[in-house]
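Trainee: Could you teach me how to read a protein model, one feature at a time?

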Amino acid sequence: MNTPPDAPPRADLLALTPDTLAALANRGLVKRAAKDVDSGAGPQVECAADGSVLGVHPDGSRPAAAAGWSLDRGRANLAM
């Protein structure tokens, strides 16, 4: 999946803050993820026109959030 130029941003994901992420996971994971992103080792994020989102990490993992999926529904597809 490549991000098409007209792919709409996911307002629900853009609204996440470190505090809301820490409430869903834990503060240590949020700090580590921020450090990875700041150092350039974070995922390449791809958004489809239908609203699905895919993260491609340097280690090969590929977590995805399908179109219509939201944090209040539970876990995303974390299949590698």
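Mentor: Let's go from the overall picture to single residues.

Trainee: Where do I begin, and how many helices and strands are there in the protein chain?

Mentor: Begin by noting that this is a predicted model. The protein chain holds three helices and three strands. Following the sequence, you meet them in the pattern α-α-α-β-β-β.

Trainee: What is the mean pLDDT of the protein chain?

Mentor: The idea first: pLDDT is the predictor's confidence in each residue, from 0 to 100. Where pLDDT is low, the predicted coordinates should not be read in detail. Here the mean for the protein chain is 83, and 81% of its residues reach 70 or more.

Trainee: Which elements have the lowest and the highest mean pLDDT?

Mentor: Among the elements, helix H1 (residues 11–14) has the lowest mean, 86. Helix H3 (residues 27–38) has the highest, at 94.

Trainee: Now burial, please. How much of the protein chain counts as buried?

Mentor: Of the 80 residues, 21% count as buried. You can look at the surface too: the accessible surface of the protein chain is about 5700 Å², and 58% of that belongs to carbon and sulfur atoms.

Trainee: Is Arg10 buried or exposed?

Mentor: The cut-off does the work here: buried means under 20% relative accessible area. Arg10 has a relative accessible area of 13%, so this residue is buried. You will find Arg10 in the segment before H1.

Trainee: What is Arg10 in contact with, leaving aside its neighbours within four places in sequence?

Mentor: With those neighbours set aside, Arg10 is in contact with Gly51, Val53, Ala65, Ala66 and Trp69. Look at the polar atoms next. The side chain of Arg10 reaches the backbone oxygen of Gly51 at 2.8 Å. A polar atom of that side chain also lies 2.6 Å from the backbone oxygen of Trp69.

Trainee: Which residue forms a salt bridge with Arg10?

Mentor: To spot a salt bridge, look for a side-chain nitrogen of Lys or Arg within 4 Å of a carboxyl oxygen of Asp or Glu. Arg10 pairs with Asp12 in this way, and their closest N and O atoms are 2.9 Å apart. Asp12 has a relative accessible area of 34%, so Asp12 is partly exposed.

Trainee: How many salt bridges does the count come to?

Mentor: The count comes to two. Besides the Arg10 pair, Arg27 forms a salt bridge with Asp19, with the closest N and O atoms 3.1 Å apart. Try reading the accessibility of both partners: Arg27 is partly exposed because its relative accessibility is 41%, while Asp19 is exposed, with a relative accessible area of 52%.

Trainee: And which residues make the nonpolar surface patch?

Mentor: Leu21, Leu24 and Leu71 make a nonpolar surface patch of about 240 Å². Leu21 lies in helix H2 (residues 18–24). Its relative accessible area is 33%, so Leu21 is partly exposed. That value fits the rule for patches, because they are made of residues with over 30% relative accessible area and no salt bridge.

Trainee: Last one: how far apart are Ala64 and Val45 in sequence and in space?

Mentor: Sequence separation and distance in space are two separate readings. Ala64 and Val45 are 19 residues apart in sequence, and their C-alpha atoms are 9.6 Å apart. Ala64 lies in strand E3 (residues 64–65) and is partly exposed, with a relative accessible area of 23%. For the protein chain as a whole, 37% of the contacts between residues at least 6 apart in sequence join residues at least 24 apart.

Definitions and conventions. Residues numbered from 1 in each chain as written. Heavy atoms only, no water. Patch = residues over 30% accessible without salt bridge, like charges linked within 9 Å, V, L, I, M, F, W, Y side chains within 5 Å. Areas by Shrake-Rupley, 256 points an atom, 1.4 Å probe, with all protein chains shown as cover. Helix = DSSP H or I, 4+ residues; strand = E, 2+ residues; numbered from the N terminus. Buried < 20%, exposed > 50% of the residue type's maximum accessible area, 1.4 Å probe, protein only. Polar contact = N/O pair within 3.5 Å; in protein donor to acceptor, adjacent residues only side chain to side chain. Contact = heavy atoms within 4.5 Å.
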